[in-house]
Structure formats: C-alpha cells, structure tokens
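Here is a friendly walk through the model shown below. Keep the structure open beside the text as you read.

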Amino acid sequence: MSNKDTKQVRLPSFLEAIIPILVMVCLMVYVFGFSNEEYDAAHMPLIVATIVTCIIGVICGHSFDDMMDGIMERISATMGAILILFTVGLLVSSFMMSGTIPAVIYYGLDLLSPKLFLPVGCILVAIVGLACGSSWTATATIGIAFMTIGEGLGMNPAITAGMVISGAYVGDKFSPLSDTTNLAAGVSGTGLFDHVAAMISSTGPVFLISLIIYTIIGFNVSEAGYDPTIAGGIQQAIADHFNTNPLVLLPILVVIAVCLLRVPGLPGVLISVATGVLFAYIFQGGGSVGETFTILHYGPSIETGNEFLDEALAKGGMDNQMWTINLIILAVSFGGALERCGIVEKLFGHLKERIHSVGSLVLATMLTSIFCDAAMCDQFLGIGVPAPLYEDKYDEMGLSRNMLSRTLEDAGTLWAVMFPWTACGAYQSKTLGVNSIKFFPFAFVNLLNPIYAALTAFMGRNIFWADGSYTNLLGKTRQGKVAGAPEEAHKVAMEALRKGREDGSIPKVQA
C-alpha cells in the first residue's frame with residue numbers, strides 16, 4: 001500500500017496554493033527586471049518554484065513519489081512535442097544548407113517595400129502557418145527570413161517579430177493540422193471543423209483589424225530609415241555564397257504538401273529535413289556525410305561578411321534546441337506539480353458559481369487559461385486545465401461546446417507566447433531573436449483577440465448556441481449547423497436554451 005493510500009490528502013489552503021505562484025512570479029520579475037542580465041533565463045526560477053510546490057504537496061498529504069508521478073505524467077505527455085522540437089532544429093539547418101531560407105530572403109527583398117512589408121508579410125506567414133499547422137515551423141522557416149528582410153528594410157525588429165507571431169498564430173489556429181486546435185476541440189467534446197468555424201468568428205475580424213494597423217504603421221514608417229545598401233548588401237552576400245535558383249524554394253512546398261496530406265508531425269518534419277539535405281547536395285554542392293551531420297547537429301556556421309545575414313543564418317541545429325527543451329521540461333514539471341498538488345482546483349474550483357452571464361463566463365475561462373499559461377508555463381495546460389472546470393457551465397447557459405473550444409484558444413493559445421518563461425515564449429524569443437515582452441505589444445492578433453472576444457460576449461454578440469444558432473455582431477440570431485457535443489451535455493444545453501428563450505434571457509432565432 002502506498003503512502004498516498006495511508007495518509008490523509010487534502011486540498012491546499014488559499015495561502016498554501018498561492019505561495020508557489022508568488023515564488024515563481026517574484027523570481028521571474030527579479031530575473032527579467034532587476035538582475036542586470038547576470039542571469040536572464042527562466043530555468044532556475046522554475047526549479048525553485050517546483051521544489052516549493054512539492055513541499056506544499058507533502059504538507060497537504062501527498063507523498064514525494066506521488067508528486068513525482070504528477071510531474072512525470074506531464075513530461076510524458078509532452079515528449080511528442082519535444083521530439084518534434086529536436087527535428088525542427090534539423091529542419092532549420094537543412095533549409096539553411098539547401099539555400100531555401102537564404103533564397104526567401106533574397107527574393108523577399110525584391111518584392112517587399114517598407115510600407116507594405118508588415119501587412120503582406122503577415123498574410124504570407126499566416127498562409128505558411130495554415131498549411132503547416134504549426135506556428136513554430138512557420139516562425140522557424142519563413143519567420144526567420146522575414147526578420148532579416150525587415151532588418152534590411154530598416155524596420156524595428158520588435159515590430160517585425162510581432163507581425164511574424166500574428167501571422168503564424170492565425171495560421172496555426174485556423175489549421176486542422178494544429179496540435180492546439182485538435183486539443184481544444186478534443187477537451188471541449190466538439191468537432192474539429194466546428195471548432196475551426198467558431199474560431200473564425202473571433203480571430204477573423206481581429207486579423208483584419210491587425211492588417212489595418214500594420215498597414216497604418218507601414219505608411220508611417222519613415223523612408224529615411226530604409227538604407228537600400230543594406231538590402232543590396234544582403235542580396236549580394238547571398239548570391240556570392242548560395243545558388244539562388246528559384247527551385248531551391250521547393251522544400252517549402254514539400255512542408256506544405258506533407259501537412260496537407262496529413263502526414264503525422266514527426267515523420268512530416270523528417271521528410272522535409274531529408275528534402276532540404278537532398279537540395280543542399282543538388283544545388284549547393286553539399287559536402288561529406290560528416291559535414292552534413294555536423295551542420296544538422298550543431299547548426300550552420302556560415303560567414304558571408306554581412307553582419308545582418310550572418311546573424312540570421314546562425315539558426316537551427318539539434319544542439320541549439322536544448323536550451324528551449326530544458327525550459328519545456330522544467331515548465332511542464334512545475335505545471336504537473338501544481339496540478340497534482342490541487343492548487344488549480346483550489347484557486348478556480350468555486351469561481352464558476354459566481355458566473356451568471358455569457359460575458360462573465362467567457363472572461364473567467366480566458367483568465368483561467370492565461371493564469372495556467374503564466375503559472376503552469378505551458379499552452380497545453382492553458383487549454384486542457386480550464387476545459388473540465390467550465391464545460392458544465394457552458395451547458396447550463398445553453399451554449400455550444402465550440403463556444404468553449406473557441407474561448408480556450410482565444411486566450412490559452414494566443415497569450416502563452418507573451419510570457420518569456422513559457423515553452424512558446426522561450427521558443428519564439430529564441431527563434432526570432434527578440435524577447436517576447438518586447439514583441440508582444442506588436443503581435444496585434446494575439447494581443448487583441450481575447451479583448452475582442454470578451455467585449456463582444458459582454459455585448460451579447462458573437463455567441464454560438466447549443467442548437468447551432470449564432471448571434472452575430474449585429475445582434476441577429478440565425479440558425480446554423482449544430483456543433484458536436486457529448487450527448488448528455490447537449491441535452492442539458494438544449495433544455496437550458498429552451499428555458500432561456502422562454503423567459504427572454506436568450507435571443508430567439510430570426511428568420
């Protein structure tokens with residue numbers, strides 16, 4: 001018999017529950033705000049916070065082995081993402097070797113101008129993210145290229161990074177191949193394409209608003225900051241060191257093709273890596289097997305003599321992913337300890353009893369998701385933890401389950417990148433070379449989406465109901481397709497919807 005079976009286990013008190021969160025937040029504030037860059041990573045604060053959480057767990061009756069089981073469960077659930085992260089490092093290296101990313105930079109400098117760079121770039125990154133189903137892959141390939149193009153156009157790197165993030169996450173959210181998209185639909189008990197359709201209602205308008213803002217910023221960018229000799233120098237350096245035949249762009253199409261064919265993530269990335277290596281031998285002269293392995297393992301070492309280009313090309317390699325992988329393991333360990341200790345249940349378990357409107361329910365769901373992103377350091381927890389907490393409340397208000405799934409992604413996916421210590425924030429900061437605290441104010445899709453979703457919900461607009469009807473931005477309720485939901489939950493929601501329409505609290509369907 002285990003210690004867990006023989007010892008009384010209880011939920012932590014509010015003070016006990018908040019201590020690990022305060023420890024983590026205070027240490028993060030010190031590291032990123034007051035350490036004078038003596039130490040600028042989230043790893044050690046997460047280790048300390050995890051230790052504190054385990055101590056709280058033992059005080060509440062859990063054995064150390066039980067706390068470790070909670071940690072290992074979360075790490076095990078994340079191993080697929082970690083393996084893909086290893087291969088993303090290989091992918092970036094192979095696309096550098098093949099000349100694919102340098103070619104995107106080369107031709108991009110011809111096609112883009114300072115005034116149109118941001119809106120056009122955002123759309124192109126979104127297309128790649130949609131096809132790949134991964135914001136990480138989009139930023140690690142075309143995103144890196146746009147960072148260098150922006151540098152050549154005299155653009156503020158934080159603005160460029162914000163644009164890349166906006167486009168990448170729009171594509172990721174709309175893609176049925178995305179892991180977070182599938183996760184949100186799965187934990188909400190709704191259909192995948194029902195979920196995607198619901199997300200269009202919030203992210204679509206915000207995407208258009210963001211494109212307008214990027215266009216305004218572009219038209220107000222001073223041409224004086226644009227030095228054509230920088231762009232020309234980058235192009236010349238690329239031409240001197242790479243074969244820029246347009247055919248070297250084909251590996252990007254391979255990435256898109258394996259995604260459209262729904263090849264699983266890990267094999268799909270490996271196919272793309274093999275394509276990049278093959279094109280390196282065909283178009284760039286290749287090298288020995290040992291040289292190829294070295295580049296894939298440690299990243300490319302390319303010296304063109306152009307400082308902007310050399311910095312952009314110093315990306316990729318499996319070894320260079322270890323910093324981020326270490327952080328992911330520590331982040332999910334902290335999240336697993338919080339979950340096993342009962343801290344999340346203590347902090348949010350009774351919140352839904354105080355919720356009496358759709359707007360307050362949407363806001364509570366999003367705030368819980370953002371809390372899980374920040375405190376548990378993982379966007380998957382920002383989606384997975386709030387779902388079972390609030391799903392019955394959505395049913396009791398007559399809402400559709402794709403309303404729940406949409407709300408989880410509006411905040412849980414999009415705001416996870418804001419925090420430098422989350423897996424998303426760390427990865428994107430490392431990939432784009434800009435701290436997430438600096439680029440997030442310019443990632444308008446991510447920044448504005450939760451705000452837009454909450455405001456429209458409080459106004460009684462942009463709401464999906466259990467019978468498939470939808471209340472649009474004009475307040476008109478039109479009949480649509482019923483979204484997937486568990487049978488019993490759907491019956492509860494339909495009954496609540498009937499009562500709400502009888503007493504006038506829920507709008508009736510209009511012809």
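## Helix 8 and its surroundings

At the start of helix 8, a side-chain oxygen of Asn156 comes to within 2.9 Å of the backbone nitrogen of Ala158. Helices here are DSSP runs of H or I with at least four residues, strands are E runs of at least two, and both are numbered from the N terminus.

A word on the source: this is a predicted model, where local features need pLDDT of at least 70 and side-chain atom pairs count only at pLDDT 80 or more, while totals for chains, interfaces and linings use all residues. Residues are numbered from 1 along each chain as its sequence is written, and side-chain values use heavy atoms, with hydrogens and water left out.

Helix 8 (residues 157–174) has 18 residues and spans 26 Å from its first C-alpha to its last, close to the 26 Å expected at 1.5 Å a residue; the expected span is 1.5 Å times one less than the number of residues. This helix is mostly covered, with 16 of its 18 residues buried. Buried means under 20% relative accessible area, exposed means over 50%, and partly exposed is in between, with a 1.4 Å probe and protein chains only.

## Three buried residues

The table places three residues and gives their relative accessibility.

| Residue | Place | Relative accessibility |
|---|---|---|
| Thr139 | helix 7 (residues 135–152) | 0%, buried |
| Ala364 | helix 18 (residues 358–376) | 8%, buried |
| Asn462 | loop between helix 24 and strand 1 (463–464) | 0%, buried |

The side chains of Thr139 and Gln428 are joined by a polar contact of 2.8 Å. Such a contact is a pair of N or O atoms within 3.5 Å; within protein, one must be able to donate a hydrogen and the other to accept it, and residues adjacent in sequence count only if both atoms are side-chain atoms. Leaving aside neighbours within four places in sequence, Thr139 is in contact (heavy atoms within 4.5 Å) with residues including Val164, Ile165, Ala168 and Tyr427.

With the same kind of neighbours left aside, Ala364 is in contact with Leu351, Ile355 and Tyr390. Ala364 and Phe348 are 16 residues apart in sequence, and their C-alpha atoms are 9.3 Å apart in space. As for Asn462, its phi is near 60°, a positive value in a residue other than glycine.

## Core, rings and cysteines

The largest nonpolar core has 135 residues, and those with the most contacts inside it are Phe117, Val358 and Leu399. Helix 4 (residues 64–97) gives the largest share of this core, 12 residues. A nonpolar core is a set of buried Ala, Val, Leu, Ile, Met, Phe, Trp, Tyr and Cys residues joined through side-chain atoms within 4.5 Å. Not counting residues up to four places away in sequence, Val358 touches Met397, Leu399, Met403, Ala457, Ile463 and Trp465.

How many aromatic pairs does a search of the whole structure find? The search finds seven. Rings of Phe, Tyr and Trp (its six-membered ring) pair if their centres lie within 6.5 Å; planes under 30 degrees apart count as stacked, over 60 as edge-to-face and the rest as tilted. The ring centres of Tyr214 and Phe444 are 5.1 Å apart with planes at 55°, so this pair is tilted. Tyr214 lies in helix 10 (residues 192–219) and Phe444 in helix 24 (residues 444–458), so the pair ties together parts that are 230 residues apart in sequence. Both Tyr214 and Phe444 are buried.

Disulfides, defined as pairs of cysteine sulfur atoms within 2.5 Å, come to a count of zero. Cys54 is in no disulfide, and the nearest cysteine sulfur, that of Cys341, is 8.3 Å away. Cys54 is buried, with a relative accessible area of 12%, whereas Cys26 is exposed at 52%.
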